[in-house]
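Here are my notes on the model you sent round. They are set out as numbered points, pockets first.

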Amino acid sequence: MKETIEKLLSEVEQLSAANAEEAEQHRIRLLGKKGVITALFDAFKTVGPEQKKEFGKILNELKNKASEKIEVLKSSTASTAASHSEGDLTRPGEPLPLGARHPLSLVRKEIDAIFTRLGFVIADGPEIEDDWHNFGALNFPENHPARDMQDTFFIETAERNIALRTHTSSVQVRMMENNKPPLRMIMPGRVYRNEAISARAHCFFHQVEGLYIDENVSFADLKQTLMYFAQEMFGEKTKIRLRPSYFPFTEPSAEMDVSCSLCAGEGCNVCKHSGWLEIMGCGMVDPAVLENCGIDSKKYSGFAFGMGVERIAQLKYQVKDLRLYSENDVRFLKQFTSVV
Ligand code: DAH
């Protein structure tokens, strides 16, 4: 009996199982109702009292070792089974959800690209401005309504001359003050106005300012540049129209319309049956503005223009409510997923 037990002990030590089923078969063979170890316990009942002590000890040891070993085999095969079902490495991967660019970024990117092709560089300026850069240098008279509390978000200071910029024309001033002509740049950015938020107005929006200063720059250069822009942005059949207008910082000033790309100028709801859509203000930089910024107005002339990014996006993507741009509603934003 002692020999059988010792043989079984070394067998138990070397037990192995490739899966949970094999481990269970070992259990049945050794410890099941008809198992070999169970049979040894039956045989143990018949041994004499003097052998009981010796056999009892090693038989119990065998039983404990066998149960332990089978437990170990079961848990290790169970974990390999779980890890197998976790990953079939030959399966194709899960598709990654695709993000979307914001429509204003898409339009901004396109505007940047069009003017960069014409040799314009991109410049930047602060959103918190002083009165001189936002108004004074640009020829706004002291009592101009645009300086009024109604339009401008003032920042409380002792002098009350600091505000959130109301337009990107302030960056023009900074560029002219700090650089020598020739200057050819666009200045995109966010601007702020104290307006009630509605479908057609917002307290912040985005503009792109343009500035070209050199010797002998003429209104014809302005017109040609803007025509190129309009046709690149809205299609090569697009026509432009310049209507006389007024801005304190340009003389002469104009407002530019493009032919309605939806009805090709025939007249529809979007262009209010006029066939034209207003998209920007422009003009020749007023000589007084050049002088304010330290540029010799006898030697240099230039043109400037300013457009609203929301307005261009509205026309390109038929966005009827300005609030959609800043509400972060994924149902709106998702629609731009496929637009590169
Ligand atoms: N700053 C003007 C606005 O916010 C837009 C503008 C008009 C900019 C004419 C210009 C310009 O540079 O020449 O309404």
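1. Which element gives the largest share of the lining of the largest pocket? The answer is β9, with seven residues. Bear in mind throughout that this is a predicted model.

2. The largest pocket has a volume of about 1500 Å³. Its lining runs to 50 residues, and Phe205, Glu278, Ile279, Gly308 and Arg311 are the closest to the centre. Besides β9, at least two lining residues each come from α7 (169-178), β6, β7 (240-247), β8, β10 and α10. By class, the lining has 24 nonpolar, 15 polar and eleven charged residues.

3. The second largest pocket comes to about 310 Å³. Its lining has 19 residues, with Leu104, Gly189, Arg190, His206 and Glu310 nearest the centre. At least two lining residues each come from α5, β5 (183-192), β6 and α10. The class split here is six nonpolar, seven polar and six charged.

4. Now the interior. The largest nonpolar core has 42 residues. Within this core, Phe229, Ile279, Phe305 and Met307 touch the most other members. The elements that each supply at least two of its residues are α5 (103-117), β6 (204-214), α8 (219-234), β8 (250-259), β9 (276-285), β10 (301-308), α10 (309-317) and α11 (330-333). Nonpolar side chains tend to be buried together in soluble globular proteins.

5. Phe229 deserves a look in the viewer. Leaving out residues up to four places away in sequence, Phe229 touches Ile111, Ile114, Phe115, Ile279, Met280, Met307 and Ile312. A further core of 23 residues lies apart from the largest one, and its members include Phe135, Phe140, Ala146 and Val173.

6. How many cavities of 30 Å³ or more does the structure hold? There is one. The space in this largest cavity is about 30 Å³. Glu129, Asp130, Asp131, Asn134, Phe135, Phe154, Asn161 and Ala163 line the cavity. Two elements, β2 (128-130) and α6 (131-134), give two or more residues to that lining. Three of the lining residues are nonpolar, two polar and three charged. Phe135 appears both in this lining and in the core of 23 residues.

7. Next, the small sheet. Three strands form an open sheet in the order β2-β4-β3, with antiparallel pairing. Why do β2 and β3 (154-155) each have one side without a neighbour in the sheet? Both stand at the edges with a single partner strand, so one side of each is left free of a sheet neighbour. β3 pairs with β4 (residues 162-164) over two bridges, in the antiparallel sense. One bridge joins Ile155 to Ile162 in β4.

8. Last, Val270. This residue sits in the loop between β8 and β9. Is Val270 buried, partly exposed or exposed? Its relative accessibility is 31%, so Val270 counts as partly exposed, the band between the 20% and 50% cut-offs. Val270 touches Leu262, Leu277, Leu315 and Gln318, residues up to four places away in sequence not being counted. Val270 and Glu255 are 15 residues apart in sequence, and their C-alpha atoms are 18 Å apart in space.

Key. Residues are numbered from 1 along each chain as its sequence is written. This is a predicted model: local features need pLDDT of at least 70, side-chain atom pairs count only at pLDDT 80 or more; totals for chains, interfaces and linings use all residues. Side-chain values use heavy atoms; hydrogens and water are left out. On a 1 Å grid over the protein atoms alone, a cavity is a set of points where a 1.4 Å probe fits but cannot get out, and a pocket is an open set with protein on both sides within 12 Å along at least five of seven lines; lining residues have an atom within 4 Å of a point. Grid points are joined across faces, edges and corners, and a volume is the space filled by probe spheres set on the points. Helices (H or I, at least four residues) and strands (E, at least two) are DSSP runs, numbered from the N terminus. Ala, Val, Leu, Ile, Met, Phe, Trp, Tyr, Cys and Pro count as nonpolar, Asp, Glu, Lys and Arg as charged, and the others, Gly among them, as polar. A nonpolar core is a set of buried Ala, Val, Leu, Ile, Met, Phe, Trp, Tyr and Cys residues joined through side-chain atoms within 4.5 Å. Buried means under 20% relative accessible area, exposed over 50%, partly exposed in between (1.4 Å probe, protein chains only). Contact means heavy atoms within 4.5 Å. Two strands pair if DSSP finds at least two bridges between them.
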